[in-house]
Amino acid sequence: MQTRFVKVLAGAMVSLPLLAVPVFSADSGGSSSGDEPKCDNGLVYNKKTKKCEPPKAGMIDDDSLYSAGRALAMDGKYDEAIKVLTLAQDKTDPRILNYLGYSHRKAGRVLVGLGYYQEALRNNPDYTLVREYMGEAHLMLGDVAAARLQLSEIEKRCGKGCREYGMLEEQIDAYLRAG
């Protein structure tokens, strides 16, 4: 699985669409183990069968759906990622909510993405990657104060030295320089 970090920008608060689907695990940076193959053509790696399979609700475990959905999102295949992530059984998993938000936002549905981010934070307020993405989303909407609020929340949770703090701080600085 890819480990590169893709920056995300999102928009104002919106309620979570009914298709939200989550999985549960504490994945602060969204990285995967790297030992799973990358599947092509919308297939999902099933850890149980150790094969790439078409995604079907209940047929593939949520962790496999998360890994495949995240990889699709990182590859810019946002609508495919959404289809895969919405198959997860656990509709409250912050990781899945985060990448649903990311995918919707990157596909141009910024407000929908922000709704997913907020739902992810309701389930795990300490998930700093969501806070970083949310801050970038606020910058997309021109709301520097809201972005700085997320930066402050990240600092409270992991300090100025953590990756999410540095990434959002860099985005805020770039936004202000461009403005």
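1. Arg 131 is part of helix α5, which spans residues 128-140. This is a predicted model, and Arg 131 deserves a look in it. The residue is buried, yet it has no salt bridge. Its nearest side chain of opposite charge is Glu 153, 4.3 Å away. A salt bridge requires a side-chain nitrogen of Lys or Arg within 4 Å of a carboxyl oxygen of Asp or Glu, so the pair does not count as one.

2. What surrounds Arg 131? Leaving aside residues up to four places away in sequence, Arg 131 touches Leu 121, Pro 125, Gln 150, Glu 153, Ile 154, Arg 157 and Leu 168. Glu 153 is thus both a contact and the nearest side chain of opposite charge.

3. On to the aromatic rings. The structure holds six aromatic pairs. In one of them, Tyr 99 and Tyr 102 have ring centres 5.9 Å apart and planes at 65 degrees, so the pair is edge-to-face. Both residues belong to helix α3 (residues 94-106). They are three residues apart there, which puts about one helical turn between them. Tyr 99 is buried, at a relative accessible area of 0%. Tyr 102 is buried too, with a value of 0%.

4. The two tyrosines also belong to a wider group. One aromatic cluster is formed by Tyr 66, Tyr 78, Tyr 99, Tyr 102, Tyr 117 and Tyr 133.

5. Which arginines lie over rings of this cluster? The charged end of Arg 95 sits over the ring of Tyr 66, 4.1 Å from its centre. Arg 105 lies over the face of Tyr 133, at 5.7 Å from the ring centre. Tyr 66 and Tyr 133 are both cluster members.

Methods: Residues numbered from 1 in each chain as written. Predicted model: local features only at pLDDT ≥ 70, side-chain atom pairs only at ≥ 80, totals over all residues. Heavy atoms only, no water. Phe/Tyr/Trp six-rings, centres within 6.5 Å; stacked < 30°, edge-to-face > 60°. Helix = DSSP H or I, 4+ residues; strand = E, 2+ residues; numbered from the N terminus. Buried < 20%, exposed > 50% of the residue type's maximum accessible area, 1.4 Å probe, protein only. Lys NZ or Arg CZ within 6 Å of the ring centre and 35° of its normal. Lys, Arg positive; Asp, Glu negative; His and termini not counted. Contact = heavy atoms within 4.5 Å.
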